[in-house]
Amino acid sequence: MAIDIRRFRDRLPQEIADLESEARQEGYRHITRLINEWSTSDNRFQRDDERLLGAYADEVLAGIGGMTVETAMSGALRMRRFYIRPAMRGRGIGRMLAIALLDHARSCCGIVTVHAGNDGAARFWESLGFQPHGRDGYTHLLALQHRSDDPAASDLRRCVTPRSP
C-alpha cells in the first residue's frame with residue numbers, strides 16, 4: 001500500500017465528507033468542527049508554522065491531522081483534528097502522519113501539545129513520546145529534540161514557558 005502525505009492549503013478535499021461521516025458514527029465531532037471552522041475561515045491552518053495534512057493510502061483519504069499555534073503556551077504548537085479511518089488503523093498511517101507533522105514542528109518550536117480524546121489516543125500519542133501533562137486544555141506534551149548542529153537550538157525548549165492566565 002502506497003502512503004502519500006499531502007498538505008491542504010486552499011481547500012479541503014472532497015473526501016473529507018466521508019471522513020467526517022465515519023468520525024460522527026464513532027461519536028467524534030472534531031472533523032465536523034474542522035469543516036465548520038474551515039468554511040467560516042475561523043481556522044484554515046494558515047498562520048506561521050501551522051499545517052493541515054492528509055494521508056492517502058492508494059489515493060484514498062485515510063486520515064487527516066493538523067498543527068496549530070498553541071495559544072496556552074508561548075512557542076509551542078498543538079496537534080489538532082487528528083483522525084484515521086477505522087478501516088485504515090493499525091497500518092502505521094497515523095504514525096506516518098504524526099511524524100510528518102512532528103518533523104515540521106522540529107524546525108520551528110520546542111514543544112507540541114495534544115488533547116487525547118480517549119485511552120486509545122493517549123496510548124498512540126505516548127508511543128510517539130508524548131508525556132501525560134494535563135492542563136490548559138491539553139492532555140499530553142512532547143518536548144522536541146531539534147535536528148540542528150546549533151547548540152542554541154537545544155536550549156530552545158528551556159525558552160518555551162506556559163503563558164500566564
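Biologist: Happy to look at this predicted model with you. What makes Cys 109 count as buried?

Modeller: Cys 109 has a relative accessible area of 2%. Buried means under 20%, so Cys 109 is called buried.

Biologist: And why is Cys 108 called partly exposed?

Modeller: Its relative accessibility is 25%. The class in between runs from 20% to 50%, so Cys 108 counts as partly exposed.

Biologist: How do you know how many disulfides there are?

Modeller: The sulfur of Cys 108 has its closest cysteine sulfur in Cys 109, 4.9 Å away. A disulfide needs the two sulfur atoms within 2.5 Å, so this pair is too far apart for a bond. The count comes to zero disulfides, and Cys 109 is in none.

Biologist: Good, now the sheet. What is the order of its seven strands?

Modeller: The order is S1-S2-S3-S4-S5-S7-S6, in an open sheet with mixed pairing.

Biologist: What makes S1 and S6 the edge strands?

Modeller: Strand S1 (3-7) and strand S6 (131-135) each pair on one side only. From one strand to the next, the twist averages 30 degrees.

Biologist: How do you know that S6 and S7 pair?

Modeller: Pairing takes at least two bridges, and S6 shares three with strand S7 (residues 138-143), in the antiparallel sense. Pro 132 has His 140 in S7 as its bridge partner.

Biologist: Which helices go with the sheet?

Modeller: Among them, helix H1 (residues 16-25) packs on the sheet, touching strand S3 (60-69) and strand S4 (76-84), with its direction at about 85 degrees to that of S3. Helix H4 (residues 119-127) lies across S4, strand S5 (111-114), S6 and S7, at about 125 degrees to S4.

Methods: Residues are numbered from 1 along each chain as its sequence is written. This is a predicted model: local features need pLDDT of at least 70, side-chain atom pairs count only at pLDDT 80 or more; totals for chains, interfaces and linings use all residues. Side-chain values use heavy atoms; hydrogens and water are left out. Buried means under 20% relative accessible area, exposed over 50%, partly exposed in between (1.4 Å probe, protein chains only). Helices (H or I, at least four residues) and strands (E, at least two) are DSSP runs, numbered from the N terminus. Axes are lines fitted to C-alpha atoms, for helices over the stretch in contact, and angles run from 0 to 180 degrees between N-to-C directions. Contact means heavy atoms within 4.5 Å.
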